[in-house]
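This report covers strand pairing, overall form, surface features and one charged contact. The sequence and model come first.

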Amino acid sequence: GSYSVAFTKPTGYDSFSLMDLGGNNAVDSDADTASGQTAATTLQSGDNDLTWDAGLYKYTCLNGLAWVDTNGNGIKDLGEDGLKDVSVTLYRMDDFGGSDVQKAVTSTDSSGAYSFSNLQPGTYYVVFAKPSGTNYQFMIKEAGSETQVLDSSGKTSTVALTSGQACDSTLNAGLYLPASLGDFVWHDKNANGIQDSGEEGIADATVALFKSGVA
């Protein structure tokens, strides 16, 4: 005859896994994510159908911070403020090589914090967007830094979230306002180290800018 199976989630589990993924009916989950019931199947005399399964998981979460990295070291130091109104878009990577899926969008609060909750296990990343009307730039991830932004687009590295794990707090972004320096090269006629009236500028003087000992 025709049969189906209805599973009931045990206490502590949040959701059934998505149905019919991976192309192997012997190891996929067959329970409807809302009802827990499978599709119907017809058994003939002597059949032994052992392909009706259910995967379950616990939700996890992801949160992080955007801050003003005043010294540009990629680390949120004492006294560096969080940056509000930074748009944060969450993406989940497809387990089977398909397109990444946009899951949610939020913005940082007054302390620079953001959070995404009730997430199914998987591999995620976020894309930060600079506050509109500002000239903030992203710090790019370097060894030992807390910022996870990989390039000027605001995209971070990925993080793999597992069922029931504590909130991951590693996807952060440091931002800074570009700085500038410069002034004048002059003919110091009396060699007193002071730019006196009438001492003209010198053209074609080469000026090299160094940061951390690198030209």
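In this predicted model, strand 6 (residues 87–92) and strand 9 (residues 122–129) run antiparallel and are joined by six bridges. Within that pairing, Leu90 lies opposite Val126 of strand 9. Strand 9 also pairs with strand 11 (residues 159–161). That second pairing is antiparallel too, and it spans three bridges. Two contacts place the strands against each other: Thr123 has Ala160 of strand 11 as its bridge partner, and Gly122 faces Leu161 of strand 11.

These pairings belong to an open sheet of four strands. The order is 7-6-9-11, and the pairing is antiparallel. Which strands stand at the edges? They are strand 7 (101–107) and strand 11. Each has a single partner strand, so one side of each is left without a neighbour in the sheet. Neighbouring strands of this sheet are turned by 30 degrees against each other on average, direction ignored. In a regular strand, side chains alternate between the two faces of the sheet.

Ala160 sits in edge strand 11. Its relative accessible area is 54%, so Ala160 counts as exposed, the cut-off being over 50%. Ala160 lies far along the sequence from Val27: 133 residues separate the two. In space, their C-alpha atoms are 22 Å apart.

**Overall form**

What does the chain hold in the way of helices and strands? It has zero helices and twelve strands. Read along the sequence, the pattern is β-β-β-β-β-β-β-β-β-β-β-β. The radius of gyration is 28 Å, whereas the globule rule gives 17 Å for 215 residues. The value is well over the rule, so the chain is more spread out than a compact globule. Along the principal axes, the C-alpha atoms fill a box of roughly 110 × 30 × 30 Å. Of the 215 residues, 28% count as buried.

**Surface and charge**

Leu18, Leu21 and Phe96 form a nonpolar patch on the surface. Together these three residues offer about 300 Å² of accessible area. Leu18 belongs to the loop between strand 2 (15–16) and strand 3 (41–42). With a relative accessible area of 46%, Leu18 is partly exposed. That value falls between the 20% and 50% cut-offs, so Leu18 is neither buried nor exposed.

How many salt bridges are counted? The count comes to one. The side chains of Lys189 and Glu200 make this contact, at 3.2 Å from N to O. The distance is within the 4 Å cut-off, so the pair qualifies as a salt bridge. Lys189 and Glu200 are eleven residues apart, and both lie in the segment after strand 12 (173–176). Side chains of opposite charge can pair when their charged atoms come close. Lys189 is exposed at 53% relative accessible area. Glu200 is partly exposed at 37%.

The relative accessible areas of the four residues discussed here are set out below.

| Residue | Relative accessible area | Class |
|---|---|---|
| Leu18 | 46% | partly exposed |
| Ala160 | 54% | exposed |
| Lys189 | 53% | exposed |
| Glu200 | 37% | partly exposed |

Definitions and conventions:
Residues numbered from 1 in each chain as written. Predicted model: local features only at pLDDT ≥ 70, side-chain atom pairs only at ≥ 80, totals over all residues. Heavy atoms only, no water. Pairing = 2+ DSSP bridges. Patch = residues over 30% accessible without salt bridge, like charges linked within 9 Å, V, L, I, M, F, W, Y side chains within 5 Å. Areas by Shrake-Rupley, 256 points an atom, 1.4 Å probe, with all protein chains shown as cover. Buried < 20%, exposed > 50% of the residue type's maximum accessible area, 1.4 Å probe, protein only. Axes fitted to C-alpha atoms, helices over the stretch in contact; angles between N-to-C directions. Rg over C-alpha atoms; globule rule 2.2 N^0.38 Å.
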